[in-house]
Amino acid sequence: VVYTQSEILQREVYLFERLDSPNREPMKHLKAICFLRPTKENVELLVQELRRPKYSVYFIYFSNVISKSDVKALAEADEQEVVAEVQEFYGDYIAVNPHVFSLNLLGCCRGRSWDPAQLTRTTQGLTALLLSLKKCPMIRYQLSSEPAKRLAECVKQVITKEYELFDFRRTEVPPLLLILDRSDDAITPLLNQWTYQAMVHELLGINNNRIDLSRVPGISKDLREVVLSAENDEFYANNMYLNFAEIGTNIKNLMEDFQRRKPKEQQKLESIADMKAFVENYPQFKKMSGTVSKHVTVVGELSRLVAERNLLEVSEVEQELACQSDHSSALQSVRRLLQSPRVSELDAARLVMLYALRYERHSSSGLPALLEELRSRGGTDRYRKLVSAVVEYGGKRVRGSDLFSPKDAVAITKQFLKGLKGIENVYTQHQPLLQETLDQLIKGKLKDSQYPYLGPNTLRDRPQDIIVFLIGGATYEEALAVFNLNRSNPGVRIVLGGTTIHNTRR
């Protein structure tokens with residue numbers, strides 16, 4: 001995710017193998033660099049490897065803290081003295097964006113409590129992140145969530161146990177780790193998205209920066225799977241947070257620019273000097289056209305899906321459910337779309353879920369009728385069960401905060417003014433709860449009664465370094481919110497993490 005294979009090749013690493021692949025050939029002329037999670041299985045595999053080494057020298061890097069007993073086991077296995085060094089190199093998490101990380105864990109809780117193995121893995125991932133960023137934070141957690149409290153305690157335990165590792169130079173204002181629970185805002189992962197990165201994940205799915213395009217009608221072989229990474233794709237880096245409409249325009253400009261440059265390049269090859277210049281420009285030339293064709297394909301597929309699934313209309317109703325409080329109008333809109341043959345079963349279920357989360361306690365709730373409609377559409381009870389599971393997970397009974405706060409006049413005016421500028425439109429009115437939580441935190445107004453500190457100490461100043469972690473997964477909409485908060489609050493650095501990065505399907 002952070003290094004392309006070509007970048008690694010430039011470092012003269014020519015062979016990539018997995019430690020567990022069974023039939024590796026011995027290559028005594030090669031040195032091996034091992035980068036591994038310090039799990040029981042990996043240590044065991046490494047012990048086997050060192051007993052019968054296939055390479056001349058081993059440089060071993062663990063992505064997290066390794067126990068003394070495991071190091072001892074490795075030392076005993078290294079009879080041929082092939083190990084040159086063993087180091088801890090804390091990278092036990094997936095760096096998704098410059099300010100976003102994930103642990104790629106799905107289903108971390110069983111009901112309201114942690115799956116023990118996932119709690120261990122999450123603690124490891126979070127402590128590795130703190131070590132790699134050299135932060136020894138104060139910890140706050142969401143009081144209404146038992147898993148948040150458990151995770152806070154586990155992280156604290158590791159910091160106490162490994163106090164020498166966490167002995168970083170003190171900063172004036174200590175860093176802050178804020179642990180939240182996805183169930184406080186189950187709305188955000190259910191919404192259609194209209195900024196590039198979030199939209200690609202919602203409609204196509206991003207997996208470790210890879211996008212599977214194999215289902216696209218008439219796709220060429222080399223585009224069946226593409227990589228979208230801001231690290232080495234300039235167009236993506238500049239467009240990942242822009243609205244869908246703007247991206248189309250930007251691609252068009254790129255292509256026109258490319259066409260303008262192309263004929264000139266081809267004609268002006270009269271001398272050797274010209275040819276040299278052309279060859280020197282050529283990598284850029286090739287790279288650029290490759291990037292263009294990739295984004296043309298992705299954006300083309302997004303717009304095909306938007307049309308096919310009638311997503312403009314669906315999204316407008318989702319935003320109405322998430323941001324406004326006119327029950328009868330919302331109910332009519334959802335009914336209308338449930339009866340439309342152009343709305344997919346997933347989108348129909350998503351609308352009913354949003355309605356259920358928004359109006360579960362409304363006196364004239366139309367939920368039973370909507371569920372019936374959903375069943376007659378699909379002929380099964382599957383989605384019906386999912387709707388009640390979502391309410392069970394993130395309904396009013398569970399939420400610690402006020403997800404749908406009654407909007408005051410000022411907030412409404414603010415929303416209205418925003419709309420006037422024409423940048424934020426009807427499809428992106430919604431702002432995740434996280435935005436408000438972090439906004440309060442930066443201003444020093446986040447209530448201790450809802451988000452207590454772990455331990456006796458509290459922060460006297462406003463926080464500057466914030467790591468916020470969402471148990472149950474973050475979203476790219478929240479990544480966008482954090483990106484904007486970082487931009488608009490100089491001196492504040494926020495990193496967002498989650499057990500996974502969600503879209504509706506996940």
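1. Before anything else, a word we'll need: a residue is called buried when its relative accessible area is under 20%, and exposed when that area is over 50%. With that in hand, look at helix α16, residues 433–442, where Leu433, Leu434, Thr437, Leu438, Leu441 and Ile442 are buried. These residues span an arc of only 165° around the axis, so they sit on the same side of α16. Keep in mind throughout that you're looking at a predicted model.

2. What lies over that buried side of α16? The cover includes strands β8 (138–141), β9 (176–181), β13 (465–471) and β15 (493–498), along with helix α17 (476–488). Once you've found those, step past the end of the helix: α16 is followed by Gly444, which has a positive phi, near 75°.

3. Now zoom out for a moment. The protein has 506 residues, and 47% of them count as buried. Its secondary structure comes to 17 helices and 16 strands. Here's another number for the whole chain: take the contacts with a separation of 6 or more, and 78% of them are between residues 24 or more positions apart.

4. Helix α3 (residues 68–77) is a nice one to look at down its axis. Asp70, Leu74 and Ala77 are buried there. Those buried residues fall within an arc of 65°, so they line one face of the helix. On the other side of α3 you'll find Lys68, Ser69, Lys72, Ala75 and Glu76, which are exposed. And the buried residues? Their cover includes α2 (40–51) and β2 (57–62).

5. Helix α6 (residues 196–203) tells another story. How many of its eight residues are buried? The count is eight of eight, so this helix is mostly covered. The list runs Tyr196, Gln197, Ala198, Met199, Val200, His201, Glu202 and Leu203. Have a look just after α6 too, where Gly205 takes a positive phi of about 90°.

6. Next, a pair of helices. The axes of α10 (residues 311–323) and α11 (residues 327–338) come within 10 Å and cross at roughly 155°. That angle makes α10 roughly antiparallel to α11. The crossing is left-handed. On the α10 side, Glu313, Val314, Val317, Glu320 and Leu321 meet Ser329, Ala330, Ser333, Val334, Arg336 and Leu337 of α11. Sorted by class, the residues of this contact are six nonpolar, two polar and three charged.

7. A second pair is worth your time: α13 (residues 367–378) and α14 (residues 382–394) pack at an angle of about 145°, and their axes are 8 Å apart. From α13, the contact uses Leu371, Glu372, Leu374 and Arg375, while α14 brings Tyr383, Arg384 and Val387. By class, that gives four nonpolar, no polar and three charged residues.

8. Let's pick out a single residue. Thr123 is in helix α4 (residues 116–132). Is Thr123 buried or exposed? With a relative accessible area of 8%, Thr123 is buried. Setting aside neighbours within four places in sequence, Thr123 is in contact with Leu151, Cys154, Val155 and Val158.

9. You've now met two glycines with positive phi, Gly444 and Gly205, but a couple of asparagines do this as well. Asn104 isn't a glycine, yet its phi is positive, about 55°. You'll find Asn104 in the loop between β5 (100–102) and β6 (109–110), and it is partly exposed, with a relative accessible area of 39%. Asn208 isn't a glycine either, and its phi is also positive, about 50°. This residue is in the loop between β10 (206–207) and β11 (210–212). Asn208 is partly exposed, at a relative accessible area of 28%.

10. One last stop, in the loop between α5 (146–161) and β9, where Thr171 is found. Its relative accessible area is 46%, which means that Thr171 is partly exposed. Try checking a distance in the viewer here: Thr171 and Cys136 are 35 residues apart along the chain, and their C-alpha atoms are separated by 9.8 Å.

Key:
Residues numbered from 1 in each chain as written. Predicted model: local features only at pLDDT ≥ 70, side-chain atom pairs only at ≥ 80, totals over all residues. Heavy atoms only, no water. Axes fitted to C-alpha atoms, helices over the stretch in contact; angles between N-to-C directions. Helix = DSSP H or I, 4+ residues; strand = E, 2+ residues; numbered from the N terminus. Parallel < 35°, antiparallel > 145°, perpendicular 65-115°, else oblique. Left-handed = near helix turned anticlockwise from the far one by under 90°. Contact = heavy atoms within 4.5 Å. Nonpolar A, V, L, I, M, F, W, Y, C, P; charged D, E, K, R; others polar. Buried < 20%, exposed > 50% of the residue type's maximum accessible area, 1.4 Å probe, protein only. Arc of directions from axis to C-beta.
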